[in-house]
Amino acid sequence: MEKYSNAILSNMCMVYNDKDEILVQMREKKDWSGLTFPGGHVENNETPDQAALRELWEETGAVKAEISPVCLYAVHDYGMLYFAEVAELAQIPMNSEIREIGFFHDLPKELTYPHIQPALFEKVQNWLQNQ
């Protein structure tokens with residue numbers, strides 16, 4: 001079993017609009033192909049909730065958002081999965097690592113992590129049904 005001396009915390013947000021479409025993003029970096037969801041690492045002196053809201057702004061331009069924790073997950077690191085309701089999107093910040101964002105009715109097939117992201121998407125779907 002692999003031991004970790006420093007745990008890395010991350011977050012991922014599933015963002016829906018008022019048409020029940022899910023937000024996905026295309027990263028600017030060429031070494032990270034496919035579509036993904038907003039999220040990233042928790043910085044020092046930052047809570048997971050603060051990190052999720054910061055990542056939403058940095059990667060989507062979300063200026064008004066409410067987040068709800070859905071579940072913890074573990075892949076290469078540990079993270080919190082969130083459901084996000086975004087009331088207002090501005091332009092993606094100039095220094096963002098995201099090229100573009102879009103809303104889709106169905107989960108796209110060209111995902112960065114096709115064996116992980118659909119399972120997290122399903123977790124959010126189940127969580128929403130129980131709300």
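Which residue in β6 does alanine 65 stand opposite? In this predicted model, the residue opposite alanine 65 is valine 86.

**View 1. The hairpin of strands β5 and β6.** Strand β5 spans residues 62–74 and strand β6 spans residues 78–89. The two strands pair in the antiparallel sense over eleven bridges, and three residues lie between them in the hairpin. Within this pairing, alanine 65 of the hairpin faces valine 86 in β6. In a regular strand the side chains alternate between the two faces of the sheet.

**View 2. A salt bridge between the hairpin strands.** Lysine 64 and glutamate 88 meet through their side chains in a salt bridge, at 3.8 Å from N to O. This pair links distant parts of the chain, with lysine 64 in strand β5 and glutamate 88 in strand β6, 24 residues apart. Lysine 64 has a relative accessibility of 48% and therefore counts as partly exposed. Glutamate 88 is likewise partly exposed, because its relative accessible area is 35%, and partly exposed residues fall between the limits of 20% and 50%.

**View 3. The salt-bridge network that includes arginine 54.** The structure holds six salt bridges in total. In one of them, glutamate 43 pairs with arginine 54, and the closest N and O atoms are 3.8 Å apart. Glutamate 43 lies in the loop between β4 (39–41) and α1 (48–60), whereas arginine 54 belongs to helix α1, so that the pair, eleven residues apart, links distant parts of the chain. The side chain of arginine 54 also meets that of glutamate 55 in a salt bridge, at 3.2 Å from N to O. The two glutamates differ in burial: glutamate 43 is partly exposed at 44% relative accessibility, while glutamate 55 is buried, with a relative accessible area of 7%. Through shared partners, salt bridges join Glu43, Glu46, Arg54, Glu55 and Glu58 into one network.

**View 4. The largest nonpolar core.** This core comprises 17 residues, of which Met12, Met14, Tyr16, Phe37, Val70, Leu81 and Val124 touch the most other members. Two or more residues come from each of β1 (9–16), β2 (22–27), β5, β6 and α2 (117–129). Helix α2 gives the largest share, four residues.

**View 5. The surroundings of leucine 81, and a separate core.** Residues up to four places away in sequence being left aside, leucine 81 touches Met12, Met14, Ser68, Pro69, Val70, Cys71, Tyr73, Leu120, Lys123 and Val124. Another core, of ten residues, lies apart from the largest one and includes Val15, Leu23, Ala62 and Ala84.

Conventions
Residues numbered from 1 in each chain as written. Predicted model: local features only at pLDDT ≥ 70, side-chain atom pairs only at ≥ 80, totals over all residues. Heavy atoms only, no water. Pairing = 2+ DSSP bridges. Salt bridge = Lys/Arg side-chain N within 4 Å of Asp/Glu carboxyl O. Buried < 20%, exposed > 50% of the residue type's maximum accessible area, 1.4 Å probe, protein only. Core = buried A, V, L, I, M, F, W, Y, C linked by side-chain atoms within 4.5 Å. Contact = heavy atoms within 4.5 Å.
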